[in-house]
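Please read the following explanation with the structure in view, and locate each residue as it is named. The account moves from the whole chain to single residues.

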Amino acid sequence: MIKPKIIISDNDYDGLHSMLEKEVYAPSHDLLIDELERAKIVDKAKLPENVVRMNSTVTFTILASQKTFALKLVYPKDTAESGTLSILTPVGSALIGLSIGQEIEWPLDKNRSTIVHIDSIT
């Protein structure tokens, strides 16, 4: 499956790069770095409302299990709040920059992957 096009605001892009520089490196960071490298960067004011951004609440479905989640995409320091999902988790990295209706195939481990579908964003 070809990865869909993604759009990220310049504020989120800068904030995520700054966060990655401060974090102790983990292999899962590569997933986020890859997403940032392929993203189209736009001014925050020009980011469409239907795009997942930091601190937005995203309703998404894991297609393999048909489980639907509504979680707020946050920086790791903000995960103490319930109902949050760290940008550094595999699914968190997958969500950033996607639009409502888009899907992305995302690795879970070396042998398994899943498809994530974006249902809505608030």
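The paragraphs below describe the chain as a whole, then a pair of rings, two loop residues and several buried positions.

The model is predicted. Its protein chain contains 3 helices and 7 strands. When the sequence is followed from beginning to end, these elements appear in the pattern β-α-α-β-β-β-β-α-β-β.

The overall dimensions come next. Along the principal axes, the C-alpha atoms of the protein chain occupy a box of roughly 35 × 30 × 30 Å. For a chain of 122 residues, a compact globule would have a radius of gyration near 14 Å, and the value for this chain, 13 Å, agrees with that expectation. Of the 122 residues, 42% count as buried. The contacts give another view of the fold: among those with a separation of 6 or more, 55% join residues that are 24 or more positions apart.

The surface and the charges may be considered together. About 6,800 Å² of the protein chain is exposed, and carbon and sulfur atoms supply 54% of this area. The chain carries 13 positive and 17 negative side chains, and the centres of these two sets lie 2 Å apart.

Which feature do the aromatic residues offer? The structure holds 1 aromatic pair. It is formed by phenylalanine 60 and phenylalanine 69, whose ring centres are 5.5 Å apart and whose planes meet at 25°; the pair is therefore stacked. The reasoning rests on a cut-off, because planes under 30 degrees apart count as stacked. How accessible are the two partners? Phenylalanine 60 has a relative accessible area of 3% and is therefore buried, whereas phenylalanine 69, with 33%, is partly exposed. Here the cut-offs are under 20% for buried and over 50% for exposed, with partly exposed in between.

Two loop residues deserve attention for their backbone angles. Asparagine 55 is not a glycine, yet its phi is positive, at about 70°. Asparagine 55 belongs to the loop between strand 2 (40–42) and strand 3 (57–62). Its relative accessibility is 40%, so asparagine 55 counts as partly exposed. Glutamine 66, also a residue other than glycine, has a positive phi near 60°. Glutamine 66 is placed in the loop between strand 3 and strand 4 (67–74). With a relative accessibility of 57%, glutamine 66 counts as exposed.

The account now turns to buried positions, beginning in a helix. Histidine 29 is part of helix 2, which covers residues 29–38. Why does histidine 29 count as buried? Its relative accessible area is 4%, and histidine 29 is therefore buried. Apart from neighbours within four places in sequence, histidine 29 is in contact with Leu20, Glu23, Val24 and Leu88.

Valine 74 belongs to strand 4. At 1% relative accessibility, valine 74 counts as buried. Its C-alpha atom is separated by 9.2 Å from that of arginine 53, although the two residues are 21 apart along the chain. Beyond neighbours within four places in sequence, the contacts of valine 74 include Met54, Thr84 and Leu85. Asn55, the loop residue with positive phi, is also among the contacts of valine 74.

Two residues of strand 5 complete the picture. Leucine 85 lies in this strand, which spans residues 84–86, and threonine 84 is found there as well. Leucine 85 has a relative accessible area of 13% and is therefore buried; for threonine 84 the value is 16%, so threonine 84 is likewise buried.

Where do these two residues approach others that are distant in sequence? The C-alpha atoms of leucine 85 and lysine 72 are separated by 5.9 Å, while the residues are 13 apart along the chain. For threonine 84 and leucine 71, also 13 residues apart along the chain, the C-alpha atoms are separated by 5.1 Å. With neighbours up to four places away left out, threonine 84 touches Leu71, Lys72, Val74, Asp78 and Thr79. Leaving aside neighbours within four places, the contacts of leucine 85 include Leu71, Lys72, Leu73 and Val74, together with Val91, Gly92 and Leu95. Another contact of leucine 85 is Phe60, a member of the stacked pair.

Conventions
Residues numbered from 1 in each chain as written. Predicted model: local features only at pLDDT ≥ 70, side-chain atom pairs only at ≥ 80, totals over all residues. Heavy atoms only, no water. Helix = DSSP H or I, 4+ residues; strand = E, 2+ residues; numbered from the N terminus. Rg over C-alpha atoms; globule rule 2.2 N^0.38 Å. Buried < 20%, exposed > 50% of the residue type's maximum accessible area, 1.4 Å probe, protein only. Contact = heavy atoms within 4.5 Å. Areas by Shrake-Rupley, 256 points an atom, 1.4 Å probe, with all protein chains shown as cover. Lys, Arg positive; Asp, Glu negative; His and termini not counted. Charge placed at Lys NZ, Arg CZ, Asp CG, Glu CD. Phe/Tyr/Trp six-rings, centres within 6.5 Å; stacked < 30°, edge-to-face > 60°.
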